[in-house]
Amino acid sequence: MSEEMALTEAETSPKTAGEPWTSAGSEESAGAAGVTGMESKLAEKEAALSETTERLDRMTGAVADLEARLAKAAASYRTLIAGVHPEIPEDLISGQSIEEIDTSVEKAKSLVTRVKKGLEAAATRSRVPPGAPPRTAPDLAGMSPREKIKYGIGGNR
């Protein structure tokens, strides 16, 4: 039945060859409806963009707040680690996050260990026995009689 309607409309329409099917009035109303539809879609997209921009601004603020809190926590952690490890100079402990600080502490520990071993090795090489050697009487057996007399008078002490 729909085929018959299409044929009937085609036969009764004032269409000539090369002309579009719709009349000029209906083209204008269709164009106006299309523009109105596009304007409403544009308004929807602008509202969605505005909402997304607001969310982005809120997220950016939240990220900045979290970064500030992380920096404060890292500084507190760095101070705590410096107190726990007094053998490590504070300027060797660096980093902006807990992981970076832990890594720098491990590197500093190995450096301190190497320096301690080096100092201990140097101290061992140049070790002087504590105290003076005990005083003993000189060996008189190797002295000549003249040296023995001099020693006895106190001339060669």
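**Close-up views of a four-helix chain**

The accessible surface of the protein chain comes to about 13300 Å², and 60% of this area belongs to carbon and sulfur atoms. The model is predicted, and the legends below go from the whole chain to individual residues.

**View 1. The chain as a whole.** The protein chain contains four helices and zero strands, in the order α-α-α-α along the sequence. Of its 157 residues, 9% count as buried. Among the contacts with a separation of 6 or more, 19% are between residues 24 or more positions apart.

**View 2. The largest nonpolar core.** Nine residues make up this core: A74, I81, A82, I88, I93, I101, V105, A108 and V112. Helices α2 (24-84) and α3 are the elements that each give two or more residues to the core. Helix α3 supplies the largest share, with four residues. In soluble globular proteins, nonpolar side chains tend to be buried together.

**View 3. Contacts of A82.** A82 is one of the residues of the largest nonpolar core. Leaving aside residues up to four places away in sequence, A82 touches E90 and I93. Of these two contacts, I93 is also listed in the core.

**View 4. H85 in the loop between α2 and α3.** H85 lies in the loop that joins these two helices. The relative accessibility of H85 is 15%, below the 20% limit, so this residue counts as buried. When residues up to four places away in sequence are not counted, H85 touches V105 and K109. V105 belongs to the largest nonpolar core.

**View 5. A nonpolar patch on the surface.** L92, L111, V115 and L119 form this patch, and together they have about 320 Å² of accessible area. V115 is placed in helix α3 (residues 98-125). With a relative accessibility of 45%, V115 falls between the limits of 20% and 50% and therefore counts as partly exposed. An α-helix has 3.6 residues a turn, so residues three or four places apart point the same way.

**View 6. Helix α4 and the residue after it.** Helix α4 spans residues 145-153 and is hardly covered. The count of buried residues among the nine residues of this helix is zero. G154, just after α4, takes a positive phi of about 100°.

How values were computed:
Residues are numbered from 1 along each chain as its sequence is written. This is a predicted model: local features need pLDDT of at least 70, side-chain atom pairs count only at pLDDT 80 or more; totals for chains, interfaces and linings use all residues. Side-chain values use heavy atoms; hydrogens and water are left out. Patches are made of residues with over 30% relative accessible area and no salt bridge: like charges are joined within 9 Å, nonpolar side chains (Val, Leu, Ile, Met, Phe, Trp, Tyr) within 5 Å. Accessible areas come from the Shrake-Rupley method with a 1.4 Å probe; for residues, only the protein chains shown count as cover. A salt bridge is a side-chain nitrogen of Lys or Arg within 4 Å of a carboxyl oxygen of Asp or Glu. Buried means under 20% relative accessible area, exposed over 50%, partly exposed in between (1.4 Å probe, protein chains only). A nonpolar core is a set of buried Ala, Val, Leu, Ile, Met, Phe, Trp, Tyr and Cys residues joined through side-chain atoms within 4.5 Å. Contact means heavy atoms within 4.5 Å.
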